[in-house]
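Reader: I have just opened this structure and would like some help reading it. Could you take me through its features one at a time?

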Amino acid sequence: MKKTLDILFEDQWLVAIDKPSGLMSVAGNRQGVETAYSLVNDYIAHKYNGRKRAHVMHRLDRDTSGVLLFAKDFQTKRAMTDNWNGNIRERRYVAVLDGVPAESKGRIESWLTENDRNFMVSSSLVDNGGEYAVTNYEVLKSNGAHSLVAFNLETGRKNQIRVQTATHLGCPVSGDSKYGNGKSAKRLCLHANGLSFIHPVTRRLVRISSNTPRFFNSLV
């Protein structure tokens, strides 16, 4: 049964959806699997009678929810992704963490390396040749067992928030079975709640936001 698309932003060049947790961004090597891409592509193909199709701009982990952006044509995608870091102005996330960070706000600067065998990402505070990753965080509230934390990413690396919070704050994302115990919540409590960028065609600033899942607050 197909999921219903929750569209957060749309114009003639772009469309952004509120991706639910549990839905893959793209299928990878899997065939016939429902993904955010397949849903958006079907929507665009129907709307434009097959004259346009979806183009992936970035990805979210399967169990991460929130803002996911697609282009409606290759030229728009190329204009955006050829200067992705220059066009992106803000990447905001919110998460529930297990425990309470020692500092209520801070900046995590590390180098990430992925293991090719188990696809686990490790984080080092010294340059080891990995991908440079920077995350700014601020604790919004806490009950001692869990903390609601806002994040602003300066880089967008695979599993960046998940591995940095677990490794350097000692507070994995609640429900994370990859970098935590996975038993503290019914799902991965990580949500992409904001994306701001310079529009690749109009050159205007676009701000897209998604509401924090209600149950995040119930955990803290």
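Reader: Let us start with one residue: where is N181 found?

Author: N181 sits in the loop between α4 and β10. Helices (H or I, at least four residues) and strands (E, at least two) are DSSP runs, numbered from the N terminus. Residues are numbered from 1 along each chain as its sequence is written. Please keep in mind that this is a predicted model, in which local features need pLDDT of at least 70, side-chain atom pairs count only at pLDDT 80 or more, and totals for chains, interfaces and linings use all residues, while side-chain values use heavy atoms and leave out hydrogens and water.

Reader: Which residues is N181 in contact with, leaving aside its neighbours within four places in sequence?

Author: Contact means heavy atoms within 4.5 Å. With those neighbours within four places left aside, N181 is in contact with D98 and D176. N181 and D98 are 83 residues apart in sequence, and their C-alpha atoms are 9.6 Å apart in space.

Reader: What does the secondary structure of the whole protein come to?

Author: It comes to five helices and eleven strands. The radius of gyration of the protein is 18 Å, close to the 17 Å that the globule rule gives for 220 residues, so the protein is as compact as a globular protein of that length. That radius is taken over C-alpha atoms, and the rule is 2.2 Å times the number of residues to the power 0.38. Along the principal axes, the C-alpha atoms fill a box of roughly 55 × 40 × 35 Å. Among contacts between residues at least 6 apart in sequence, 62% join residues at least 24 apart.

Reader: How many of the residues of α4 are buried?

Author: Buried means under 20% relative accessible area, exposed over 50%, and partly exposed in between (1.4 Å probe, protein chains only). Of the 220 residues of the protein, 47% count as buried. In α4 (160–169), seven of the ten residues are buried, and the helix is mostly covered. Those buried residues are Q160, I161, R162, V163, Q164, T165 and L169. They pack against β5, β6, β7, β8, β9 and β10. Just after α4, G170 takes a positive phi of about 70°.

Reader: How should I read a positive phi, and where does F119 lie?

Author: Most residues other than glycine have a negative phi. F119 lies in the loop between β6 (105–114) and β7 (121–124), and its phi is near 60°, a positive value in a residue other than glycine. At 48% relative accessibility, F119 counts as partly exposed. N49, in the loop between α1 (36–47) and β3 (55–56), has a positive phi too, near 50°. N49 counts as exposed, at 63% relative accessibility.

Reader: How do β6 and β7 run, and how many bridges join them?

Author: Two strands pair if DSSP finds at least two bridges between them. Here four bridges join β6 to β7, and the strands run antiparallel. E114 stands opposite V121 in β7. The two strands form a hairpin with six residues between them, and F119 is in the turn. D116 is found in the loop between β6 and β7 as well, and at 68% relative accessibility D116 counts as exposed.

Reader: Which residues of β11 are on its covered face, and which on its uncovered one?

Author: In a regular strand the side chains alternate between the two faces of the sheet. In β11 (residues 205–209), V206 and I208 make up the covered face, while L205, R207 and S209 make up the uncovered one. Five bridges join β10 (residues 190–198) to β11, and these strands run antiparallel. I208 is the bridge partner of L195. β10 and β11 form a hairpin with six residues between them, and R203 in the turn has a positive phi of about 65°.
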